[in-house]
Amino acid sequence: MISTQEAPVWLVTGCSTGFGRSIAAHLLDEGFRVVVTARRTEQVKELAARDNAFAVALDVTSRDSVAEAVRQAEEHFGRIDVVVNNAGIGYFAAVEETDPETVDRLFDVNFHGVARVIHAVLPGMRARRSGTIVNLTSIGGLVGHPAVGYYCAAKFAVEGLSESLRHEVEPLGISVMTVEPSAFRTDWAGSSQETQDPIADYDQTAGAARRAYHESVGKQAGDPDRAARALLAAVTAPVPPHHLLLGADAYDLATAQLASRAEEFKAWEKTTRSADFPAGE
């Protein structure tokens, strides 16, 4: 275990349940200093009671809340070395079944919330020329699935943002990692809302997927505590990965997607290349 006085400082969003709670608890066990955040700090009072914890209220949908949480964290610990963007929500519906207000809410939390935290922590990281930004997306940020189209869209957006950000900040000593879990035994599937106006034509696609998600609660293969250990190992590795798949399903789905795309790209290579001006023109 590292010395708490010299321990790096982690800020983790969404610590009240699920991945965030497991990650924060493991970091505290390992002696790291942790800024434990939730919309209401009473939700994390057990974690906050630890000597190396500092609890801060943080609502990722509010730029002012994010800025104030980062300000308090930097004032309390002097810096933020690693930020883990974990806070997120789900919603089960076919694309056509999803109302505009729900789309806005999904993107406000799952994409804009991540961006708000990144904007808030970057000035301090740039000044120190060090830091790590970890964005939890999902296997749904690499592979689309029925019934979670807009959730996947927001996670794909975080993947794209992270990729561009990495090119911008790595020369400044700042690392960016995306983490893509498959199904884990958190309350995500059980607590996520769903459409109240299903369309019969989607019953065997989005409808079947909704039912399967809910039936899987408590039976998912992924263990959030093991995931927390894996994440820490990746972040502290001599050469951290840019992408960390978590769970066997995530690995299998992601690699199958890569192979399928490579095959399709190759099959259409001649057509693809034909879209350019001929060489020399």
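**A cavity and a pocket**

Thr13, Val60, Asn85, Asn86, Ala87, Val109, Gly113, Val114 and Val117 together form the lining of the largest cavity in this structure, which is a predicted model. Rolling a probe the size of a water molecule over the atoms shows where empty space is left. When the whole structure is searched, one cavity of 30 Å³ or more is found, and the largest cavity holds about 30 Å³ of space.

It helps to ask where the walls of this space come from. Helix H4, which covers residues 100–128, provides the largest share of the lining of the largest cavity, namely four residues. Sorted by class, the lining of the largest cavity consists of five nonpolar and four polar residues, with no charged residues.

We can now turn from the cavity to a pocket. The second largest pocket has a volume of about 200 Å³, and its lining is made up of Gly141, Leu142, Phe156, Glu159, Leu245, Ala254, Thr255, Gln257, Leu258, Arg261, Ala262 and Phe265. Two helices, H5 (149–169) and H9 (248–267), each contribute at least two residues to the lining of the second largest pocket, and H9 gives the most, with seven residues.

The chemical character of this second lining can be described in the same way as before. In the second largest pocket, the lining residues divide into seven nonpolar, three polar and two charged, whereas the lining of the largest cavity has no charged residues. To follow this in the model, the reader may begin at helix H4 for the largest cavity and then look along helix H9 for the second largest pocket.

How values were computed. Residues numbered from 1 in each chain as written. Predicted model: local features only at pLDDT ≥ 70, side-chain atom pairs only at ≥ 80, totals over all residues. Heavy atoms only, no water. 1 Å grid on protein atoms, 1.4 Å probe; cavity = no way out; pocket = protein on both sides within 12 Å on 5 of 7 lines; lining within 4 Å. Points joined across faces, edges and corners; volume = space filled by probe spheres on them. Nonpolar A, V, L, I, M, F, W, Y, C, P; charged D, E, K, R; others polar.
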